[in-house]
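Open the model in your viewer and keep the selection panel at hand. The stops below run from one strand pair to the whole chain.

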Amino acid sequence: MEFKKIIVLLFLLSSCNDKNESLCLINCEDNESSDITISLDIYKKIYGTSSEIYIENGYVFINTTGVPDHKSPYFENTIWEDEKYEEYDNSNPFVENFRLNPNRISELDIRFKIPNTPSKSNINQPTSMGPIGVSLNGVPFYNQYAGGGSPLTNEINSFDQYNGHPAPIGPGQENGSNGRYHYHMEPFWLSTNFGADALMGFLLDGYPVYGPKENQKDLRSSDLDEYHGHIHETKEFPNGIYHYHITNDDPYINGSGYYGIPGTVTN
Ligand SMILES: [Zn+2]
Ligand SMILES: [Zn+2]
């Protein structure tokens, strides 16, 4: 009997070595989900790709052009203008004074290499400027900062009716016409088409990103941990998984860095 207890104790201690042990002994099963290898079928919900999604050596490879499948005022003066230009329609509730920024949507070659079996990091690397994840339509997610690490406050006024905007592709191109379209906040096109509680994409660490609604409730950042997520079952992951939620309050998509170990993106 005593021996059995020791075995159980050893198991508990060894399965939660990165947590406070006493907390873990009580709460371990609720808070720790074992690593999940995500199936190709789930990644295939990402439809805005420029080539087949594939898994190799523990990573999923997702390539996109970054051109949204919805309309935007930022298609003005581009090769897509006739088909996809749409004037700003005053519908974005976050925008107080819309101003079109000088950048225009460009076709890019964005290559995401994301862990296929996301795992918790002990370092929680901060997100960097530029793409931090990929949404279902292939448009990259960005973090909660504008250039120079300043808050998004002013930039929000350049978000279009689908809640995205293009940034200059590189330094020195601030007044050029090329831009990388991206979402810092809820992608309205996706939440309208798939539901505000649906899977919206993945961050670079491989953990899924869901919309702002859960069980009919609009989540706030205060409902989530410091990385902007939590663990429980979802439609795609019935056994539970760590996942991020997009909220309508700052920091919107990610909090203080990646929950897991991030992959890479080149663009
Ligand atoms: Zn931006
Ligand atoms: Zn959730």
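Select lysine 113 and threonine 264: the two stand opposite each other, with threonine 264 in S15. Strands are DSSP runs of E, at least two residues long, and helices are runs of H or I, at least four; both are numbered from the N terminus. The model is predicted, so local features need pLDDT of at least 70 and side-chain atom pairs count only at pLDDT 80 or more, while totals for chains, interfaces and linings use all residues. Residues are numbered from 1 along each chain as its sequence is written, and chains are lettered from A and ligands numbered from 1 in the order in which they are written.

Now widen the selection to the strands. S4 and S15 are paired antiparallel, over 3 bridges. Two strands pair if DSSP finds at least two bridges between them. Next, add S2, which pairs with S4 over 6 bridges, again in the antiparallel sense. Pick tyrosine 59 here; its bridge partner in S4 is proline 115.

Show the whole sheet. Four strands lie in the order S1-S2-S4-S15, in an open sheet with antiparallel pairing. At the edges are strand S1 (54-56) and strand S15 (264-266), each pairing on one side only. On average, neighbouring strands are turned by 20° against each other, direction ignored. The axes behind that angle are lines fitted to C-alpha atoms (for helices, over the stretch in contact), and angles run from 0 to 180 degrees between N-to-C directions.

Move to strand S7, residues 164-168. Of its 5 residues, 4 are buried. Buried means 20 or more other C-beta atoms within 10 Å of the residue's own; exposed means 12 or fewer, and partly exposed lies in between, with C-beta atoms placed from the backbone. S7 runs antiparallel to S8, joined by 5 bridges. Select alanine 167 and arginine 180 in S8 to see one bridge pair.

Which residues have the most contacts inside the largest nonpolar core? Select Ile62, Phe141, Met200, Leu203 and Val209; the core has 43 residues. Strands S2 (59-64), S4 (110-115) and S8 (178-183) are among the elements that each supply at least two of its residues. S9 gives the largest share, 4 residues. Such a core is a set of buried Ala, Val, Leu, Ile, Met, Phe, Trp, Tyr and Cys residues joined through C-beta atoms within 7 Å.

Stay on phenylalanine 141. Beyond residues up to four places away in sequence, its contacts include Pro131, His182, Leu203, Val209 and Ile253. A contact means C-beta atoms, placed from the backbone, within 7 Å.

Go to serine 191 in helix H5. Is serine 191 buried or exposed? Serine 191 is buried, because 20 other C-beta atoms lie within 10 Å. Leaving out residues up to four places away in sequence, serine 191 touches Glu186, Ala196 and Gly211. Then check the C-alpha distance to lysine 213: 9.5 Å, at 22 residues apart along the chain.

Finally, colour the chain by pLDDT, the predictor's confidence in each residue, from 0 to 100. The mean is 89, and 85% of residues reach 70 or more. Over residues 8-30 the pLDDT is below 50. Zoom out: the chain holds 5 helices and 15 strands, and 36% of its 267 residues are buried.

Methods: Contact = placed C-beta atoms within 7 Å.
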